[in-house]
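Trainee: Could you take me through one part of this model up close? I'd like to follow the charged side chains and see where they lead.

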Amino acid sequence: MLPQFHVTKPSRCSINKSVLICTVILLLLGGCAATQPYGNFIQNPSPAFSQYSKVMADDVADQIGRLYPAATTQFNLRHNANDLFGQVLIDKLRSDGFAVLENTTPANSFLAAIHSPEDIGNTNSTPISEENIQYPGLALGYIIDQSGDLYHVSILIEDQQLTRAFIAQSGQIQPAGLWVRKE
């Protein structure tokens with residue numbers, strides 16, 4: 001005697017639930033991929049890292065100066081530049097003739113809404129959001145990370161990315177290759 005198998009059709013409700021679940025998961029993953037973290041991601045930097053930051057920031061500012069005209073270009077930082085690399089980069093860009101608008105919003109979005117300087121002069125009680133404010137500049141962000149003696153610096157200007165590796169040897173840091181441009 002052969003065993004008998006019964007094939008049941010999946011219900012329309014279970015198909016809709018699985019499609020809905022897959023869609024929600026894809027949206028969540030897409031949201032994670034869309035938010036790019038910026039800043040310095042080096043944990044436990046060496047004592048020489050402050051000198052390395054200055055050398056890398058000067059090199060980045062020089063490369064930006066080769067690609068964009070000073071005195072007519074403004075950069076708007078996408079994130080707070082509260083590390084030494086960011087401060088040196090801002091100072092070097094400004095001394096080279098670029099306008100730099102620093103991002104000073106608190107990391108906590110609730111605090112940003114409370115302490116927004118635009119709200120102080122807002123007398124017509126219309127909410128002002130960051131999306132409504134237009135700044136005439138190019139969005140600028142940076143990412144610094146490290147693997148061993150190799151440091152990676154990525155500069156993001158609008159939709160293009162410039163990346164360069166630096167290597168630390170004998171207490172000095174120098175470029176480990178050319179600038180790579182990704183659009």
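Mentor: Start at lysine 92, which is partly exposed in this predicted model: its relative accessibility is 21%, and since buried means under 20%, that value falls in the class between buried and exposed. Lysine 92 has a salt-bridge partner in aspartate 62, with the closest N and O atoms 3.6 Å apart. That contact links distant parts of the chain, as aspartate 62 is in helix H2 and lysine 92 in helix H3 (residues 84-95), 30 residues apart. Aspartate 62 is partly exposed as well, at 34% relative accessibility. Don't stop at the pair, though: salt bridges with shared partners join Asp62, Lys92 and Asp96 into one network.

Now take arginine 94. Its salt bridge goes to glutamate 102, with 3.2 Å between the closest N and O atoms. Both ends are partly exposed: glutamate 102 has a relative accessible area of 32%, and arginine 94 has 37%.

Go back to helix H2, which covers residues 49-67, and pick out aspartate 59. The side chain of aspartate 59 meets that of arginine 164 in a salt bridge, at 2.8 Å from N to O. Because aspartate 59 sits in helix H2 and arginine 164 in strand S6 (residues 160-169), this pair ties together parts that are 105 residues apart in sequence. How do the two ends fare for accessibility, buried or exposed? Aspartate 59 counts as buried at 15%, and arginine 164 is buried too, with a relative accessible area of 12%. If you're keeping a tally, the structure comes to four salt bridges.

While you're here, have a look at the rings. The structure holds five aromatic pairs. In one of them, tyrosine 68 and phenylalanine 75 have ring centres 5.7 Å apart and planes at 90°, so the pair is edge-to-face; the cut-off for that label is over 60 degrees. Tyrosine 68 is buried, with a relative accessible area of 15%, and phenylalanine 75 is buried at 0%. Elsewhere, Phe49, Tyr52 and Tyr151 make up one aromatic cluster.

So what should you load into your viewer? Put up aspartate 59 with arginine 164, a salt bridge whose ends are both buried, and then aspartate 62 with lysine 92, where both ends are partly exposed.

How values were computed:
Residues numbered from 1 in each chain as written. Predicted model: local features only at pLDDT ≥ 70, side-chain atom pairs only at ≥ 80, totals over all residues. Heavy atoms only, no water. Phe/Tyr/Trp six-rings, centres within 6.5 Å; stacked < 30°, edge-to-face > 60°. Buried < 20%, exposed > 50% of the residue type's maximum accessible area, 1.4 Å probe, protein only. Helix = DSSP H or I, 4+ residues; strand = E, 2+ residues; numbered from the N terminus.
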